[in-house]
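Welcome! Open your viewer, and let us walk through this model one selection at a time.

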Protein chains: 2
Amino acid sequence: MSAPGPPSAVRPSDLDPRIAARLKRDADGLIAAVVQQHGTGEVLMVGWLDDEALHRTLTSGRATYWSRSRQEYWVKGATSGNRQWVREVRLDCDGDALLVTVEQEGPACHTGTRTCFDADVLLAAATEGADG
Amino acid sequence: MSAPGPPSAVRPSDLDPRIAARLKRDADGLIAAVVQQHGTGEVLMVGWLDDEALHRTLTSGRATYWSRSRQEYWVKGATSGNRQWVREVRLDCDGDALLVTVEQEGPACHTGTRTCFDADVLLAAATEGADG
């Protein structure tokens with residue numbers, strides 16, 4: 001007689017149940033978050049949040065993720081000092097992706113680059129005006 | 001005596017093996033892709049690509065995804081006409097997220113909004129200059 005509810009991968013959380021009800025989590029209870037710099041529009045990184053990481057991100061003002069490798073919460077910048085101050089959080093149309101707009105202090109990437117997408121270009125944009 | 005190789009979830013693909021070797025796929029053989037409008041920086045949507053979807057995205061000029069619900073490839077806009085013309089593709093520092101820069105025709109979201117993040121604001125940005 002188990003009641004309907006979130007999958008067992010979901011850890012206990014104080015997240016607003018009205019928000020929790022709209023989330024579509026993966027098998028590990030996580031949602032992908034696109035992290036974007038306010039103003040410039042730079043895509044800084046992709047992180048992963050469970051319900052509690054989202055709760056902390058929404059209420060603390062600091063972007064907080066679930067570390068899949070360490071299996072623990074991490075407040076971005078707690079060690080590195082490269083903190084992310086949360087300005088806005090949006091959920092996508094089907095509830096399985098977040099857009100977190102932040103003010104990024106310093107580099108977002110642990111490699112020291114501004115974004116996590118700076119180093120590995122698989123396809124480069126054509127030169128502007130090349131055909132004209 | 002099975003040879004080392006990608007997990008069984010990886011479908012056959014013509015993707016350049018030098019790129020395939022850098023990908024860190026999830027248990028379903030997929031990588032999350034952030035799709036961004038060229039020029040404006042709008043984050044339009046998050047899609048999912050397997051090796052072959054990435055190969056097609058890199059070589060066809062049209063953003064191509066793996067549909068997790070339909071379990072098939074879909075070329076964005078093939079049905080709706082809201083096509084995405086690929087300008088640039090980047091892989092992140094740990095190989096598990098893509099940034100695909102596109103020229104989006106029409107709305108990116110199947111709901112008819114410009115982006116998939118337009119409707120559900122969980123946390124709104126503070127008003128500029130509110131404290132002074």
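Which residue of chain B comes closest to the rotation axis? Select Gly41(B): its C-alpha lies 2.4 Å from the axis, the closest approach among the residues of chain B. Keep in mind along the way that this is a predicted model.

Now show chains A and B together. A turn of 180 degrees, with a shift of 0.0 Å along the axis, lays chain B on chain A with an RMSD of 0.0 Å. That is the relation of a two-fold axis. Next, colour the interface: 100% of the interface residues of chain B are interface residues in chain A too, so the copies meet through the same surface.

Time for some side chains. Over all chains, the structure holds 22 salt bridges, and here are some stops among them.

Start with Asp16(A) and Arg18(A), whose side chains form a salt bridge at 2.7 Å, N to O. Turn on the surface here: Asp16(A) is partly exposed, at 24% relative accessible area, while Arg18(A) is exposed, at 63%.

Move on to Glu88(A) and Arg90(A). Their side chains meet in a salt bridge of 2.8 Å, N to O, and both residues are buried.

Finally, go to chain B and pick Asp50(B) with Arg11(B), a salt bridge whose closest N and O atoms are 2.7 Å apart. This pair joins distant parts of the chain, 39 residues apart: Asp50(B) sits in the loop between strand S2 (43-49) and helix H2 (51-60), and Arg11(B) in the segment before helix H1 (17-20). Is Asp50(B) buried or exposed? Asp50(B) is buried, with a relative accessible area of 4%, whereas Arg11(B) is partly exposed, at 23%.

Terms used
Residues are numbered from 1 along each chain as its sequence is written. Chains are lettered from A and ligands numbered from 1 in the order in which they are written. This is a predicted model: local features need pLDDT of at least 70, side-chain atom pairs count only at pLDDT 80 or more; totals for chains, interfaces and linings use all residues. Side-chain values use heavy atoms; hydrogens and water are left out. Copies are superposed by least squares on the C-alpha atoms of residues with pLDDT of at least 70 in both. Contact means heavy atoms within 4.5 Å. A salt bridge is a side-chain nitrogen of Lys or Arg within 4 Å of a carboxyl oxygen of Asp or Glu. Buried means under 20% relative accessible area, exposed over 50%, partly exposed in between (1.4 Å probe, protein chains only). Helices (H or I, at least four residues) and strands (E, at least two) are DSSP runs, numbered from the N terminus.
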